[in-house]
Amino acid sequence: MARILIGLILGLALAVPAAAQPPASALFGAQKTASNQPPAAIGTYAKGCAAGLVQLPESGPTWQAMRLSRNRNWGHPETIAFIRRLSAEATRFGWRGLYVGDISQPRGGPMTSGHASHQIGLDVDIWMLPPARLNLSRAERESISSISVRSEDQRRVNGNFTRSHAAILRAAAMDRSVDRIFVTPPVKIEMCRQATRADRAWLQKIRPLYGHNTHFHVRLKCPPGERSCETQRPTVADLSGGGDGCDETLTWWVTDYLDPPKTRPGKKPDPAPKKSHPRDYTMADLPAQCRNVLAAN
Ligand SMILES: [Zn+2]
């Protein structure tokens, strides 16, 4: 027993220290193509990777992928199917389709810049800018910017937010594959106001979050039968107490969040504990299967 222990301690001491390990974000960021494996979302949205992803075609009948230089237009086949569905539906509400922002890297995983999530091929950012045309060149897709639908003071939507935005968001929320959608809080407030009494169950999936004023972020559920994929907790039903989420937790975003109540003089708030950012994760932080995803052809 003692010898086993000593061996274990020696082994640990000889192991490469964590600081010398390359960040997983550098390894996944260097991947140019998907892994030649069956599709699988592995781990959680903010700590995982993905096998067998599919590239969203750069342009389709009702969408264009933006910022192609980032090579983040790779998603789980379920995500690609969802984008095709929602972009086609957007044409019913007067839009030509959708401008699609980041999905995931070719093999998912943490990124060296930007998002904490988008790691398992099930998150997609969709621009608030209604497409003027769907034949943008590569260069135009790098230079064009989206628009903000939020007022300068961050308390309400501005004139850029239209009925079409609300209709597209509702359609996305009603899609059975969707787990939740992140929007700037004023968008949810406006949608709570517009929704009729009989038609608001879907509002539960619209979740307020800082940022998300120039795009909305759709998160799909773990695809059926994928046991390596970890469903997000708490669920949207938990978060909204089974209701529509049009409550004081929503109002908080445009009150106390923007104007934090003053703390008593002399008493400093405790500093938040430092959490490591996904871009600093090493392979040891990710599910073991992610090594196979990196190594696969
Ligand atoms: Zn996002």
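This short talk covers a zinc site, two cavities, one helix and one loop residue in a predicted model.

Because the model is predicted, local features need pLDDT of at least 70 and side-chain atom pairs count only at pLDDT 80 or more, while totals for chains, interfaces and linings use all residues. Residues are numbered from 1 along each chain as its sequence is written, and side-chain values use heavy atoms, with hydrogens and water left out.

Let me start with the metal. The zinc ion has as its protein donors His118 through NE2, Asp125 through OD and His217 through ND1, at 2.0 to 2.3 Å; donors here are N, O and S atoms within 2.8 Å of the metal (3.2 Å for Na, K and Ca), and with water not among the atoms, sites may look incomplete. Along the sequence, the spacing of these donor residues reads H-x6-D-x91-H. His118 is buried, at a relative accessible area of 0%, and Asp125, at 5%, counts as buried too, where buried means under 20% relative accessible area, exposed over 50% and partly exposed in between, with a 1.4 Å probe and protein chains only.

Next, the internal space. The search of the whole structure returns 2 cavities of 30 Å³ or more, a cavity being a set of points, on a 1 Å grid over the protein atoms alone, where a 1.4 Å probe fits but cannot get out, with lining residues having an atom within 4 Å of a point. The largest cavity holds about 60 Å³, and its lining includes Arg150, Trp253 and Tyr257. The second largest holds about 50 Å³, with Met66, Arg67 and Asp102 among the residues that line it.

Now to helix H3, residues 77–90, where helices are DSSP runs of H or I with at least four residues, numbered from the N terminus. H3 has 14 residues and reaches 20 Å from its first C-alpha to its last, close to the 20 Å expected at 1.5 Å a residue, that expected span being 1.5 Å times one less than the number of residues. Its buried residues include Phe82, Ile83 and Leu86. Viewed down the axis of H3, the buried residues fall within an arc of 155°, so they line one face of the helix; the arc is taken over the directions from the helix axis to the C-beta atoms.

Finally, Ala272 sits in the loop between helix H8 (248–251) and helix H9 (289–295), and at 65% relative accessibility Ala272 counts as exposed. From Thr33, Ala272 is 239 residues away in sequence and 38 Å away in space, C-alpha to C-alpha.

Note on methods
1 Å grid on protein atoms, 1.4 Å probe; cavity = no way out; pocket = protein on both sides within 12 Å on 5 of 7 lines; lining within 4 Å. Points joined across faces, edges and corners; volume = space filled by probe spheres on them. Helix = DSSP H or I, 4+ residues; strand = E, 2+ residues; numbered from the N terminus.
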